[in-house]
Amino acid sequence: MPDRSPVGFGRRETATTAGDGGSTDVPFPPGAVKLDDDIAAGLIPERAARGHKGSFGKLLVIAGSLDYAGAALLVCRAAGRSGVGLVTLAVPESLQPLFAAKVVEATTMGLPEDDVEEVDPEPALARILDHEHDAIVVGPGLRPGLATAELVRMLLRPAETDSASLVLDAEALRSMATMDDWWEGERRAAVLTPHAGEFARLRAGSGDRQPDDGDLSADDAARLAAALDAAATWGSVVVLKGARTIIAAPDGAAAIAPFENPALATGGTGDVLSGTIGSLLAQGLDPFAAARLGVYLHGLAGDIGREQFGDAGVLASDLPSGLAVARKRLAAVAERRSASKRLGFAAHRAAGASSDGPAASPTADQPADRT
């Protein structure tokens, strides 16, 4: 079994996920910034010492159904572990008692129905708009159907009283693939988080799929080009999930995550990512920053799980705790960098800083202070 470097620091320059267990030397494509600890640490939202739960954002999660209750629960738990102050889970009102018994830290809100477990779009939207929130996650585990598609279509448009940014995943993306010109006109700022199959359906459904998209699973250059083209066309941040996840912005900016982790190839890990990005949006990050930091935290959490359980056996429910650990480590990197700037040389721990754990390991371009 190949040796692995410590989680989260000194990221490996080559992947170690080849099928034979050896390393690969596939270069990262030009045109995208390769994310690392320093970049991600610079995106961590500040936490005011006298802040309260309302200070750190309110996230509304529209997710879950009887068959996919776990998706909603994973989104909520990931959001909390990523630092958001308040989470509300909105579900069809007939399911509210079920979900209220399952979530602990989140509150629940029942959405009006026109049939059992099927939301009535217009009154449901009215209740959503009446709820106070800073960002919305919509899609994971929702029941497929025309009512869901109509609610998603209405949520894409900002309201006079609500222009909160969206994270769109799973059933929301499948619904959008059936809509004509959903990206036209005034829309909310949004982060779309498709895997390769969902991305291809969106491209085909919107009529802009290019014949040379190529291999959207293994060809990083093709994935980057396709994600950038889609982000520009759709006017939204696109997170093309998979090994070396691509994050593309409408203005042509792009980033690529360094993670290649087969342990994440299990149901529910995408729901954790949606909750993470939604949490960061609610904490005040712009969509591109929230997507980059969310992807990186998710990747670090996956590495933590892999170190503990190996390449198989990691559950999506294992990841949220890893998110909190990853964020703590990145916050330590940010603290060290801030101290270094103040002192003008290799950082000492800032005076008065918390000592509830060891300082972060040095990054590749930041040597440890050995004085």
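This report describes the helix packing and nonpolar cores of a predicted model.

## Overall composition

The protein chain contains 11 helices and 12 strands. Of its 371 residues, 53% are buried. Among contacts with a separation of 6 or more, 67% join residues that lie 24 or more positions apart.

## Nonpolar cores

In soluble globular proteins, nonpolar side chains tend to be buried together. The largest nonpolar core in this model has 59 residues. Within it, the residues with the most contacts are Leu 59, Val 61, Leu 89, Val 239, Ile 247, Leu 293 and Leu 330. Helix 10 (residues 287-309) supplies the largest share of this core, 10 residues. A second core, separate from the largest one, has 46 residues, including Ile 62, Met 109, Ala 124 and Ala 254.

The surroundings of Leu 59 can be listed in detail. When residues up to four places away in sequence are not counted, Leu 59 touches Ala 79, Val 84, Leu 86, Val 87, Thr 88, Ala 135, Ile 136, Val 137, Gly 275, Gly 278, Ser 279 and Ala 282.

## Helix 9 and its two partners

Two packed helices are described by the angle between their axes and the distance between the axes. For helix 2 (residues 69-81) and helix 9 (residues 269-282), the axes come within 7 Å and cross at roughly 40 degrees. The two helices are therefore oblique to each other, and their crossing is right-handed. On the helix 2 side the contact involves Ala 71, Leu 74, Val 75, Ala 78 and Ala 79, which meet Asp 271, Val 272, Gly 275, Thr 276 and Ser 279 of helix 9. By class, the residues of this contact are 6 nonpolar, 3 polar and 1 charged.

Helix 9 also packs with helix 10, their axes coming within 8 Å and crossing at roughly 135 degrees. This angle makes helix 9 oblique to helix 10. The crossing of helix 9 and helix 10 is right-handed. Thr 269, Val 272, Leu 273, Thr 276, Ile 277, Leu 280 and Leu 281 of helix 9 meet a set of helix 10 residues made up of Pro 287, Ala 290, Ala 291, Leu 293, Gly 294, Val 295, Leu 297 and His 298. The contact of helix 9 with helix 10 has 11 nonpolar and 4 polar residues, and no charged ones.

## Helices 4 and 5

The axes of helix 4 (residues 121-129) and helix 5 (residues 146-156) come within 9 Å, with a crossing angle of roughly 40 degrees. Helix 4 is therefore oblique to helix 5, and the crossing is right-handed. Helix 4 contributes Pro 121, Glu 122, Ala 124, Leu 125 and Ile 128 to the contact, while helix 5 contributes Ala 147, Glu 150, Leu 151, Met 154 and Leu 155. These residues divide into 8 nonpolar, 2 charged and no polar.

Leu 129 also belongs to helix 4. With a relative accessible area of 24%, Leu 129 is partly exposed, because buried residues have under 20%. Beyond its neighbours within four places in sequence, Leu 129 is in contact with Ala 159, Thr 161, Asp 162 and Arg 188. Leu 129 and Asp 162 are 33 residues apart in sequence, yet their C-alpha atoms are 6.3 Å apart in space.

## Burial of helix 7

In helix 7 (residues 196-205), the buried residues are Ala 196, Glu 198, Phe 199, Ala 200, Leu 202 and Arg 203. The elements covering these buried residues include helix 6 (171-176), strand 9 (190-192), helix 8 (220-234) and strand 10 (237-240).

Note on methods: Residues are numbered from 1 along each chain as its sequence is written. This is a predicted model: local features need pLDDT of at least 70, side-chain atom pairs count only at pLDDT 80 or more; totals for chains, interfaces and linings use all residues. Side-chain values use heavy atoms; hydrogens and water are left out. Buried means under 20% relative accessible area, exposed over 50%, partly exposed in between (1.4 Å probe, protein chains only). Helices (H or I, at least four residues) and strands (E, at least two) are DSSP runs, numbered from the N terminus. Contact means heavy atoms within 4.5 Å. Axes are lines fitted to C-alpha atoms, for helices over the stretch in contact, and angles run from 0 to 180 degrees between N-to-C directions. Angles under 35 degrees count as roughly parallel, over 145 as roughly antiparallel, 65 to 115 as roughly perpendicular and the rest as oblique. A crossing is left-handed if the near helix is turned anticlockwise from the far one by less than a right angle, and right-handed if clockwise. Ala, Val, Leu, Ile, Met, Phe, Trp, Tyr, Cys and Pro count as nonpolar, Asp, Glu, Lys and Arg as charged, and the others, Gly among them, as polar. A nonpolar core is a set of buried Ala, Val, Leu, Ile, Met, Phe, Trp, Tyr and Cys residues joined through side-chain atoms within 4.5 Å.
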